[in-house]
Amino acid sequence: MELRTLLLSAGLCLSALAHGQDPRPVLRVGIYDNPPKVFLKANTPAGLFPELLDQMATANAWRLEYVPCDWRACLEMLHAGQLDLMPDVAYTDERAQLYQFHRQPVLLAWTQGYRAPGVTVHSVMDLQGKRIAVVDGSVQQSYFGHMAESFGLHVTILPVRSFQAALEAVAVGQAEVALVNNFYGDAYAWQFGLRDTPLLFHPTRLYFAARPGLDPAYLAAIDRWLVRAKADPESLYTTLLNRARRPATPAWVWPTVAVGAALLLLIALLAVLSSRILKRQVEHRTLQLRNSEERLGTILDSADSLIYIKDRHYRYQYVNAAMARFTGQPREAILGRTDAELAVPAQAEHFRMSDARVLEEGERTVTETVVRGPDGALRTYVSRKIPLRDANGFVYALCGISTEITEQRKAEASRKIATRMFESMVPIAITDADGLITEFNDAFHTLAGPTQAQAGLRVPALAAAPDGPDCWDEVLARLRAE
């Protein structure tokens with residue numbers, strides 16, 4: 001059967017050739033502008049992804065038809081089946097529901113921040129109050145939006161259509177920082193006079209995305225080609241990857257004289273060396289920051305008190321492990337929600353009133369609250385809440401610490417009850433282990449008389465019957481035993 005199938009395929013190919021047709025299967029590929037990985041140069045597909053795909057097509061006898069489109073249009077056409085493949089697509093769980101992905105990533109990339117001259121950015125907290133340019137609908141926009149919200153950052157996100165537009169927005173003063181793919185930023189940010197920052201986050205795997213229903217054999221062939229190419233240090237893949245990582249050369253360099261070219265080369269080498277040193281320093285600082293954050297998280301999670309941060313919309317942005325245990329829910333189920341969603345209405349309203357004093361009035365508050373935990377038990381907490389302010393004094397969040405004082409309040413109540421009983425009309429005496437009086441109330445003094453009601457004396461005889469034997473020793477023995 002297999003030989004028959006091969007012969008039939010060969011016959012179809014011969015028939016197609018006889019009629020002047022190209023027998024190779026056609027793959028429609030979206031092409032958009034995202035240099036240096038994918039772009040059109042003189043109406044010809046260029047960049048790392050198209051060059052790699054051309055090699056795959058040659059090895060597998062495919063015929064490629066490139067369809068120009070912008071980023072969003074390409075994705076829509078791919079989902080609609082008007083395209084078969086789209087290069088340079090970051091994998092996400094949401095996209096995996098819409099498109100097919102092969103297994104072997106083509107590239108590993110990350111998001112990096114690039115700043116305007118004079119803007120100071122040492123960590124993500126330095127983005128407070130700043131305008132951030134990011135491509136609309138990109139993984140950078142989605143990831144940074146969640147990250148800014150979780151850190152309680154008050155930022156303005158400026159959506160743009162491309163990485164170039166993001167860099168231009170910073171260059172002309174519309175934003176202070178641009179978040180772009182590191183390949184593009186390393187190649188072009190310097191042309192806009194921008195500087196890189198230590199902000200390196202969201203490592204991303206990049207693939208060829210395929211339309212729903214495309215034969216999985218195409219994706220398997222892409223994986224096989226990538227595995228072989230990555231294993232060969234002399235392969236076209238390695239050559240193209242190294243070339244894509246080098247900064248783009250400006251067009252005016254080539255006509256310069258030989259001496260000027262040599263000088264530029266020397267400057268470029270020094271810049272590369274400086275960039276590598278800076279990147280090492282950035283990686284070291286990023287590692288230090290990550291370690292500090294992990295240590296802080298460990299300290300906060302080891303605390304018995306409930307520690308939390310809420311934004312101006314009263315939504316939880318951070319909770320420690322004690323808070324998660326108290327609510328009986330994982331942190332992921334608490335973050336982004338309000339007390340109205342997590343507590344009974346009366347408690348939620350009480351929390352909101354004290355929160356409003358902090359967020360709206362900037363007050364520091366101390367309140368005592370009785371709440372019912374997930375186990376149904378009533379617990380008493382004293383809550384201290386403080387406002388969190390940005391560099392301009394704007395209150396963007398509150399930090400709260402709630403400490404349980406249930407046992408303390410129970411002890412106080414017991415002491416009050418004991419005090420009232422001791423002051424009652426019932427004769428009461430307190431003794432040590434040997435039965436000698438340590439304290440007594442007025443009623444006992446009246447009953448026993450001044451000669452018997454004295455500290456250090458034995459309690460008057462306890463007789464089972466008038467003139468009967470004293471049973472006090474038996475009482476003490478039973479108390480010690482039982």
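Let's start in the loop between β2 and β3 (44–46), where Ala42 is found. This is a predicted model, and Ala42 is a good residue to look at first. Its backbone stands out: phi of Ala42 is near 55 degrees, a positive value in a residue other than glycine. Is Ala42 buried or exposed? Ala42 counts as exposed because its relative accessibility is 72%, and the cut-off for that class is over 50%.

Now compare that with Asp88, a residue of strand β5, which covers residues 85–90. Asp88 also has a positive phi without being a glycine, with a value near 60 degrees. The surroundings of Asp88 can be read from its accessibility: with a relative accessible area of 4%, Asp88 is buried, since buried means under 20%. So one positive phi belongs to the exposed Ala42, while another belongs to the buried Asp88.

Step back along the chain to the loop that runs between β1 (26–31) and β2 (39–41), and you will find Pro36 there. What kind of peptide bond joins Pro35 and Pro36? The bond is cis, with omega at about 5 degrees. If you have the model open, this proline pair is worth a look alongside Ala42, as strand β2 borders both the loop that holds Pro36 and the loop that holds Ala42.

Next, the cysteines. A disulfide is a covalent bond between the sulfur atoms of two cysteines. Here, Cys69 is joined to Cys74 in this way, with an S to S distance of 1.8 Å. The link between Cys69 and Cys74 is right-handed, with 90 degrees about the S-S bond. Both of these cysteines, Cys69 and Cys74, are buried. How many disulfides does the count come to? The count is one. Another cysteine to visit is Cys399, which counts as buried because its relative accessibility is 19%, and the limit for buried is under 20%.

Finally, let's zoom out to the whole chain. Its secondary structure comes to 17 helices and 18 strands. The chain has 482 residues, and buried residues make up 37% of them. Taking contacts between residues at least 6 apart in sequence, 60% join residues at least 24 apart. As for the outside, the accessible surface of the chain comes to about 27900 Å², and carbon and sulfur atoms account for 57% of that surface.

How values were computed. Residues numbered from 1 in each chain as written. Predicted model: local features only at pLDDT ≥ 70, side-chain atom pairs only at ≥ 80, totals over all residues. Heavy atoms only, no water. Disulfide = S-S within 2.5 Å. Buried < 20%, exposed > 50% of the residue type's maximum accessible area, 1.4 Å probe, protein only. Helix = DSSP H or I, 4+ residues; strand = E, 2+ residues; numbered from the N terminus. Contact = heavy atoms within 4.5 Å. Areas by Shrake-Rupley, 256 points an atom, 1.4 Å probe, with all protein chains shown as cover.
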